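Colleague: Before I rely on any of the descriptive words, I would like to hear what stands behind each of them.
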Amino acid sequence: MHALNLKAKPVSLADRLADLAVDALIDEADLSPKPALVDRRGNGAHTDLHLGLMHASALALWPAFKEMAEAALEFGEIGLPLREAIGRIGREGEQAMLATTHGVNTHRGAIWALGLLVTAAALETKSTSAGAVTLRAARLALLDDRHAPRPLSHGAQVAQRYGARGAREEAQLGFPSVVQRGLPQLKLSRATGHGEQNARLDALLAIMTDLADTCVLYRAGEPGLHAMQHGAQAVLDAGGSASLTGRRRLHELDQQLIALNASPGGAADLLAATLLLDRFERDGILQGAF
Ligand SMILES: CC(C)(COP(=O)(O)OP(=O)(O)OC[C@H]1O[C@@H](n2cnc3c(N)ncnc32)[C@H](O[C@H]2O[C@H](COP(=O)(O)OP(=O)(O)OP(=O)(O)O)[C@@H](O)[C@H]2O)[C@@H]1O)[C@@H](O)C(=O)NCCC(=O)NCCS
Ligand SMILES: Nc1ncnc2[nH]cnc12
(Lines give C-alpha, C1' and ligand atoms only; values in the text may rest on other atoms or scores of the structure.)
(Ligands and ions follow the chains in the order given, each with its own letter.)
Protein backbone atom coordinates (compact mmCIF):
# COMPACT_ATOMS: atom_id res chain seq x y z
CA MET A 1 0.00 0.00 0.00
CA HIS A 2 1.28 3.48 -0.85
CA ALA A 3 2.00 5.68 2.18
CA LEU A 4 -0.14 8.45 0.68
CA ASN A 5 -3.23 6.26 1.00
CA LEU A 6 -2.94 6.55 4.77
CA LYS A 7 -3.59 10.30 4.67
CA ALA A 8 -6.89 11.37 6.26
CA LYS A 9 -9.46 12.27 3.62
CA PRO A 10 -10.44 15.95 3.88
CA VAL A 11 -14.06 16.56 4.79
CA SER A 12 -16.23 19.43 3.62
CA LEU A 13 -16.52 22.55 5.76
CA ALA A 14 -20.17 21.75 6.49
CA ASP A 15 -19.24 18.20 7.55
CA ARG A 16 -16.52 19.56 9.83
CA LEU A 17 -18.83 22.10 11.48
CA ALA A 18 -21.47 19.43 12.06
CA ASP A 19 -18.78 17.16 13.56
CA LEU A 20 -17.66 19.93 15.91
CA ALA A 21 -21.23 20.72 17.01
CA VAL A 22 -22.04 17.07 17.75
CA ASP A 23 -18.68 16.67 19.57
CA ALA A 24 -19.56 19.65 21.78
CA LEU A 25 -22.95 18.11 22.65
CA ILE A 26 -21.38 14.76 23.49
CA ASP A 27 -18.61 16.38 25.56
CA GLU A 28 -21.27 18.30 27.49
CA ALA A 29 -23.36 15.18 28.12
CA ASP A 30 -20.32 13.15 29.27
CA LEU A 31 -18.92 15.80 31.60
CA SER A 32 -19.36 14.64 35.22
CA PRO A 33 -20.36 15.40 37.93
CA LYS A 34 -22.78 18.09 36.66
CA PRO A 35 -25.38 19.33 39.15
CA ALA A 36 -28.83 17.78 38.55
CA LEU A 37 -28.05 17.13 34.86
CA VAL A 38 -27.68 13.89 32.94
CA ASP A 39 -24.05 12.72 33.03
CA ARG A 40 -21.96 9.55 33.33
CA ARG A 41 -23.22 9.04 36.90
CA GLY A 42 -26.95 9.11 36.18
CA ASN A 43 -30.05 11.09 35.24
CA GLY A 44 -29.84 14.00 37.66
CA ALA A 45 -33.26 15.59 38.16
CA HIS A 46 -34.70 13.81 35.09
CA THR A 47 -36.96 10.78 34.90
CA ASP A 48 -37.22 10.71 31.10
CA LEU A 49 -33.57 11.27 30.10
CA HIS A 50 -30.38 9.19 30.27
CA LEU A 51 -26.89 9.42 28.83
CA GLY A 52 -27.56 7.05 25.92
CA LEU A 53 -30.53 9.17 24.87
CA MET A 54 -28.43 12.35 25.02
CA HIS A 55 -25.80 10.72 22.77
CA ALA A 56 -28.40 9.41 20.32
CA SER A 57 -30.06 12.81 20.21
CA ALA A 58 -26.72 14.58 19.57
CA LEU A 59 -25.90 12.22 16.70
CA ALA A 60 -29.38 12.63 15.20
CA LEU A 61 -28.73 16.38 14.93
CA TRP A 62 -25.63 16.02 12.72
CA PRO A 63 -27.57 16.38 9.41
CA ALA A 64 -29.35 19.52 10.66
CA PHE A 65 -26.07 21.21 11.64
CA LYS A 66 -24.55 20.24 8.30
CA GLU A 67 -27.53 21.65 6.41
CA MET A 68 -27.37 24.91 8.35
CA ALA A 69 -23.70 25.33 7.44
CA GLU A 70 -24.53 24.56 3.80
CA ALA A 71 -27.31 27.14 3.85
CA ALA A 72 -24.81 29.74 5.14
CA LEU A 73 -22.45 28.90 2.28
CA GLU A 74 -25.29 29.05 -0.23
CA PHE A 75 -26.82 32.38 0.88
CA GLY A 76 -23.47 33.88 1.84
CA GLU A 77 -24.82 36.73 3.95
CA ILE A 78 -26.93 37.53 6.97
CA GLY A 79 -30.50 38.22 5.90
CA LEU A 80 -34.06 36.95 6.07
CA PRO A 81 -33.59 34.19 3.43
CA LEU A 82 -30.80 32.59 5.49
CA ARG A 83 -32.67 33.16 8.78
CA GLU A 84 -35.79 31.47 7.46
CA ALA A 85 -33.81 28.62 5.89
CA ILE A 86 -32.10 27.77 9.20
CA GLY A 87 -35.42 28.18 11.03
CA ARG A 88 -36.92 25.50 8.80
CA ILE A 89 -33.85 23.25 9.19
CA GLY A 90 -33.93 23.81 12.98
CA ARG A 91 -37.58 22.73 13.16
CA GLU A 92 -36.79 19.63 11.06
CA GLY A 93 -33.87 18.97 13.43
CA GLU A 94 -36.30 19.13 16.37
CA GLN A 95 -38.48 16.53 14.63
CA ALA A 96 -35.44 14.28 14.09
CA MET A 97 -34.56 14.70 17.78
CA LEU A 98 -38.10 13.85 18.92
CA ALA A 99 -38.25 10.82 16.60
CA THR A 100 -34.98 9.55 18.08
CA THR A 101 -35.95 10.18 21.71
CA HIS A 102 -39.60 9.08 21.34
CA GLY A 103 -40.85 12.56 22.11
CA VAL A 104 -38.46 13.64 24.87
CA ASN A 105 -37.00 17.15 24.64
CA THR A 106 -33.26 16.56 24.92
CA HIS A 107 -31.71 19.38 22.92
CA ARG A 108 -34.25 22.01 21.83
CA GLY A 109 -32.18 24.85 23.25
CA ALA A 110 -28.97 23.37 21.85
CA ILE A 111 -30.35 23.17 18.31
CA TRP A 112 -31.10 26.87 18.56
CA ALA A 113 -27.78 27.99 20.10
CA LEU A 114 -25.38 25.68 18.25
CA GLY A 115 -27.36 26.00 15.02
CA LEU A 116 -26.90 29.77 15.07
CA LEU A 117 -23.19 29.44 15.90
CA VAL A 118 -22.52 26.86 13.17
CA THR A 119 -24.30 29.07 10.63
CA ALA A 120 -22.41 32.15 11.81
CA ALA A 121 -19.06 30.31 11.62
CA ALA A 122 -19.72 29.04 8.09
CA LEU A 123 -20.47 32.58 6.90
CA GLU A 124 -16.90 33.80 7.51
CA THR A 125 -14.46 30.97 8.04
CA LYS A 126 -11.49 33.26 8.68
CA SER A 127 -13.24 35.24 11.39
CA THR A 128 -13.81 32.66 14.10
CA SER A 129 -13.07 34.46 17.36
CA ALA A 130 -15.88 33.97 19.89
CA GLY A 131 -16.72 37.69 19.68
CA ALA A 132 -17.01 37.68 15.89
CA VAL A 133 -19.03 34.45 15.65
CA THR A 134 -21.48 35.41 18.43
CA LEU A 135 -21.98 38.84 16.87
CA ARG A 136 -23.00 37.29 13.55
CA ALA A 137 -25.18 34.74 15.39
CA ALA A 138 -26.90 37.58 17.27
CA ARG A 139 -27.64 39.43 14.02
CA LEU A 140 -29.26 36.26 12.67
CA ALA A 141 -31.27 35.70 15.88
CA LEU A 142 -32.60 39.26 15.71
CA LEU A 143 -34.26 38.61 12.35
CA ASP A 144 -37.87 37.54 12.65
CA ASP A 145 -38.62 34.19 11.00
CA ARG A 146 -42.12 34.70 9.52
CA HIS A 147 -42.78 30.95 9.45
CA ALA A 148 -41.86 30.23 13.07
CA PRO A 149 -44.81 28.94 15.08
CA ARG A 150 -45.36 30.81 18.36
CA PRO A 151 -46.32 28.07 20.83
CA LEU A 152 -46.85 28.84 24.51
CA SER A 153 -43.56 27.08 25.25
CA HIS A 154 -42.18 26.58 28.75
CA GLY A 155 -39.84 29.49 28.03
CA ALA A 156 -42.74 31.72 26.94
CA GLN A 157 -44.76 30.82 30.05
CA VAL A 158 -41.83 31.63 32.30
CA ALA A 159 -41.22 34.90 30.46
CA GLN A 160 -44.85 35.89 31.14
CA ARG A 161 -44.74 34.85 34.79
CA TYR A 162 -41.32 36.15 35.84
CA GLY A 163 -40.25 38.46 33.00
CA ALA A 164 -37.24 36.20 32.48
CA ARG A 165 -35.03 36.44 29.40
CA GLY A 166 -34.77 33.04 27.75
CA ALA A 167 -32.94 31.27 24.94
CA ARG A 168 -34.04 33.72 22.25
CA GLU A 169 -32.80 36.79 24.12
CA GLU A 170 -29.54 35.08 25.11
CA ALA A 171 -28.78 34.61 21.40
CA GLN A 172 -30.01 38.07 20.40
CA LEU A 173 -27.66 39.63 22.95
CA GLY A 174 -24.68 37.71 21.50
CA PHE A 175 -24.56 34.91 24.10
CA PRO A 176 -23.33 36.97 27.10
CA SER A 177 -23.42 33.90 29.36
CA VAL A 178 -20.92 32.22 27.06
CA VAL A 179 -18.71 35.16 26.12
CA GLN A 180 -18.62 36.86 29.52
CA ARG A 181 -18.92 33.85 31.86
CA GLY A 182 -18.32 30.40 30.38
CA LEU A 183 -15.32 31.03 28.11
CA PRO A 184 -13.35 33.30 30.50
CA GLN A 185 -13.83 30.78 33.35
CA LEU A 186 -12.81 27.86 31.10
CA LYS A 187 -9.58 29.67 30.20
CA LEU A 188 -8.91 30.82 33.78
CA SER A 189 -9.37 27.34 35.29
CA ARG A 190 -7.18 25.81 32.58
CA ALA A 191 -4.49 28.42 33.17
CA THR A 192 -4.65 27.70 36.91
CA GLY A 193 -3.87 24.05 36.12
CA HIS A 194 -7.21 22.66 37.23
CA GLY A 195 -7.35 20.01 34.49
CA GLU A 196 -9.70 19.93 31.53
CA GLN A 197 -12.72 18.27 33.16
CA ASN A 198 -12.62 20.60 36.18
CA ALA A 199 -12.18 23.61 33.90
CA ARG A 200 -15.31 22.58 31.98
CA LEU A 201 -17.26 22.07 35.21
CA ASP A 202 -16.13 25.52 36.39
CA ALA A 203 -17.28 27.00 33.06
CA LEU A 204 -20.72 25.42 33.56
CA LEU A 205 -20.87 26.80 37.10
CA ALA A 206 -19.88 30.28 35.90
CA ILE A 207 -22.77 30.18 33.41
CA MET A 208 -25.14 29.04 36.16
CA THR A 209 -24.24 31.95 38.47
CA ASP A 210 -26.11 34.46 36.36
CA LEU A 211 -28.38 32.69 33.85
CA ALA A 212 -32.16 32.99 33.89
CA ASP A 213 -32.48 29.31 32.99
CA THR A 214 -36.09 28.90 31.89
CA CYS A 215 -35.96 25.12 32.52
CA VAL A 216 -35.15 25.78 36.17
CA LEU A 217 -37.76 28.53 36.44
CA TYR A 218 -40.43 26.34 34.84
CA ARG A 219 -39.67 23.36 37.07
CA ALA A 220 -38.77 25.04 40.36
CA GLY A 221 -39.70 28.73 40.19
CA GLU A 222 -37.63 31.54 41.67
CA PRO A 223 -36.44 29.50 44.71
CA GLY A 224 -34.94 26.99 42.25
CA LEU A 225 -33.23 29.71 40.22
CA HIS A 226 -31.87 31.31 43.39
CA ALA A 227 -30.52 27.94 44.58
CA MET A 228 -28.85 27.34 41.21
CA GLN A 229 -27.21 30.76 40.96
CA HIS A 230 -26.03 31.01 44.58
CA GLY A 231 -24.97 27.38 44.82
CA ALA A 232 -22.85 27.68 41.66
CA GLN A 233 -21.21 30.85 42.99
CA ALA A 234 -20.48 29.07 46.29
CA VAL A 235 -18.57 26.31 44.45
CA LEU A 236 -16.47 28.85 42.55
CA ASP A 237 -15.85 30.90 45.73
CA ALA A 238 -14.63 27.72 47.46
CA GLY A 239 -11.92 27.25 44.79
CA GLY A 240 -13.93 25.61 42.00
CA SER A 241 -14.53 21.97 41.26
CA ALA A 242 -10.81 21.06 41.49
CA SER A 243 -10.63 21.94 45.20
CA LEU A 244 -11.81 19.66 47.97
CA THR A 245 -14.14 22.26 49.48
CA GLY A 246 -15.42 23.18 46.03
CA ARG A 247 -16.22 19.50 45.34
CA ARG A 248 -18.18 19.31 48.62
CA ARG A 249 -20.18 22.41 47.67
CA LEU A 250 -20.76 20.89 44.20
CA HIS A 251 -22.12 17.72 45.78
CA GLU A 252 -24.43 19.81 48.01
CA LEU A 253 -25.62 21.79 44.98
CA ASP A 254 -26.35 18.55 43.09
CA GLN A 255 -28.44 17.22 46.00
CA GLN A 256 -30.26 20.52 46.50
CA LEU A 257 -31.19 20.96 42.81
CA ILE A 258 -32.34 17.35 42.48
CA ALA A 259 -34.55 17.82 45.58
CA LEU A 260 -36.05 20.93 43.92
CA ASN A 261 -36.43 19.15 40.54
CA ALA A 262 -34.39 22.04 39.11
CA SER A 263 -32.46 20.89 36.06
CA PRO A 264 -30.25 23.58 34.48
CA GLY A 265 -30.79 22.36 30.89
CA GLY A 266 -30.31 25.87 29.46
CA ALA A 267 -26.93 26.21 31.20
CA ALA A 268 -25.94 22.78 29.82
CA ASP A 269 -26.71 23.97 26.28
CA LEU A 270 -24.65 27.09 26.83
CA LEU A 271 -21.74 24.98 28.07
CA ALA A 272 -21.91 23.08 24.77
CA ALA A 273 -21.89 26.46 22.99
CA THR A 274 -18.83 27.45 25.07
CA LEU A 275 -17.01 24.24 24.11
CA LEU A 276 -17.84 24.77 20.44
CA LEU A 277 -16.54 28.35 20.39
CA ASP A 278 -13.45 27.22 22.27
CA ARG A 279 -12.77 24.63 19.55
CA PHE A 280 -13.20 27.29 16.84
CA GLU A 281 -10.67 29.50 18.61
CA ARG A 282 -8.15 26.76 19.42
CA ASP A 283 -8.19 24.61 16.28
CA GLY A 284 -9.86 26.83 13.69
CA ILE A 285 -12.74 25.48 11.67
CA LEU A 286 -10.84 24.81 8.48
CA GLN A 287 -8.46 22.18 9.90
CA GLY A 288 -9.00 19.01 7.88
CA ALA A 289 -11.77 20.64 5.82
CA PHE A 290 -11.84 21.80 2.22
C1 LIG B 1 -36.05 30.18 20.37
C2 LIG B 1 -36.28 28.76 20.78
C3 LIG B 1 -35.10 28.33 21.62
C4 LIG B 1 -37.57 28.61 21.57
O5 LIG B 1 -37.44 29.24 22.82
P6 LIG B 1 -38.52 29.20 23.99
O7 LIG B 1 -37.90 29.78 25.20
O8 LIG B 1 -39.81 29.80 23.49
O9 LIG B 1 -38.84 27.63 24.10
P10 LIG B 1 -38.56 26.42 25.04
O11 LIG B 1 -39.33 25.26 24.47
O12 LIG B 1 -38.81 26.72 26.46
O13 LIG B 1 -37.04 26.06 24.80
C14 LIG B 1 -35.96 26.85 25.16
C15 LIG B 1 -34.83 25.92 25.50
O16 LIG B 1 -33.61 26.67 25.59
C17 LIG B 1 -32.83 26.23 26.70
N18 LIG B 1 -32.74 27.38 27.65
C19 LIG B 1 -33.47 27.62 28.75
N20 LIG B 1 -33.14 28.82 29.30
C21 LIG B 1 -32.18 29.32 28.51
C22 LIG B 1 -31.45 30.55 28.54
N23 LIG B 1 -31.68 31.49 29.47
N24 LIG B 1 -30.54 30.76 27.59
C25 LIG B 1 -30.30 29.81 26.64
N26 LIG B 1 -30.96 28.62 26.55
C27 LIG B 1 -31.90 28.40 27.47
C28 LIG B 1 -33.55 25.03 27.27
O29 LIG B 1 -33.09 23.84 26.58
C30 LIG B 1 -32.54 22.79 27.37
O31 LIG B 1 -33.45 22.27 28.30
C32 LIG B 1 -34.27 21.31 27.65
C33 LIG B 1 -34.69 20.26 28.63
O34 LIG B 1 -35.56 20.87 29.51
P35 LIG B 1 -36.61 20.06 30.35
O36 LIG B 1 -37.15 21.00 31.34
O37 LIG B 1 -36.06 18.82 30.88
O38 LIG B 1 -37.62 19.58 29.26
P39 LIG B 1 -39.02 20.03 28.87
O40 LIG B 1 -39.58 19.02 27.95
O41 LIG B 1 -38.97 21.45 28.35
O42 LIG B 1 -39.80 20.01 30.26
P43 LIG B 1 -40.30 18.79 31.17
O44 LIG B 1 -41.58 18.35 30.56
O45 LIG B 1 -39.25 17.72 31.15
O46 LIG B 1 -40.44 19.44 32.51
C47 LIG B 1 -33.45 20.72 26.55
O48 LIG B 1 -34.11 20.92 25.33
C49 LIG B 1 -32.19 21.56 26.56
O50 LIG B 1 -31.77 21.87 25.27
C51 LIG B 1 -34.99 25.30 26.89
O52 LIG B 1 -35.75 24.12 26.83
C53 LIG B 1 -36.22 27.79 19.61
O54 LIG B 1 -36.57 26.50 20.04
C55 LIG B 1 -36.95 28.12 18.33
O56 LIG B 1 -37.58 29.13 18.08
N57 LIG B 1 -36.82 27.21 17.43
C58 LIG B 1 -37.42 27.29 16.11
C59 LIG B 1 -36.42 26.84 15.08
C60 LIG B 1 -35.45 27.94 14.72
O61 LIG B 1 -35.76 29.06 14.39
N62 LIG B 1 -34.20 27.63 14.71
C63 LIG B 1 -33.22 28.61 14.31
C64 LIG B 1 -32.09 27.97 13.68
S65 LIG B 1 -30.97 27.38 14.79
N1 LIG C 1 -26.79 16.96 30.28
C2 LIG C 1 -28.06 17.38 30.23
N3 LIG C 1 -28.97 16.97 31.16
C4 LIG C 1 -30.23 17.41 31.10
N5 LIG C 1 -30.72 18.27 30.19
C6 LIG C 1 -29.87 18.70 29.26
N7 LIG C 1 -30.05 19.54 28.21
C8 LIG C 1 -28.88 19.63 27.56
N9 LIG C 1 -27.93 18.87 28.16
C10 LIG C 1 -28.52 18.29 29.23
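The conversation below takes up a helix pair, one residue and two ligand surroundings.

Modeller: This is a predicted model, in which local features need pLDDT of at least 70 and side-chain atom pairs count only at pLDDT 80 or more, while totals for chains, interfaces and linings use all residues. Residues are numbered from 1 along each chain as its sequence is written, and chains are lettered from A and ligands numbered from 1 in the order in which they are written.

Colleague: Why are H10 and H11 called oblique to each other?

Modeller: The axes of helix H10 (residues 196–208) and helix H11 (residues 214–237) cross at roughly 140° and come within 8 Å; helices here are DSSP runs of H or I with at least four residues, numbered from the N terminus. The axes are lines fitted to C-alpha atoms over the stretch in contact, with angles from 0 to 180 degrees between N-to-C directions. Angles under 35 degrees count as roughly parallel, over 145 as roughly antiparallel, 65 to 115 as roughly perpendicular and the rest as oblique, and H10 and H11 are therefore oblique.

Colleague: What makes up the contact of H10 with H11?

Modeller: Asp202, Leu205, Ala206 and Met208 in H10 meet Met228, Gln229, Ala232, Val235 and Leu236 in H11, where contact requires C-beta atoms, placed from the backbone, within 7 Å. By class, the contact has seven nonpolar, one polar and one charged residues; Ala, Val, Leu, Ile, Met, Phe, Trp, Tyr, Cys and Pro count as nonpolar, Asp, Glu, Lys and Arg as charged, and the others, Gly among them, as polar.

Colleague: How do you know whether Asp237 counts as buried or exposed?

Modeller: Asp237, which lies in helix H11, has 12 C-beta neighbours inside 10 Å and therefore counts as exposed, since a residue is buried with 20 or more other C-beta atoms within 10 Å of its own, exposed with 12 or fewer, and partly exposed in between.

Colleague: What makes a residue part of the surroundings of ligand 1, and which come nearest?

Modeller: A residue is near a molecule if its C-beta atom, placed from the backbone, lies within 6 Å of it. Of the 35 residues around ligand 1, Gly109, Gly115, Gly155, Gly265 and Gly266 come nearest, and H5 gives the most to this shell, with seven residues. The shell divides into twelve nonpolar, 15 polar and eight charged residues.

Colleague: Which helix gives the most to the shell around ligand 2?

Modeller: H13 does, with three residues, in a shell of 14 whose closest members are Ala29, Leu37, Val38, Gly265 and Ala268.

Technical notes: Helix = DSSP H or I, 4+ residues; strand = E, 2+ residues; numbered from the N terminus. Contact = placed C-beta atoms within 7 Å.
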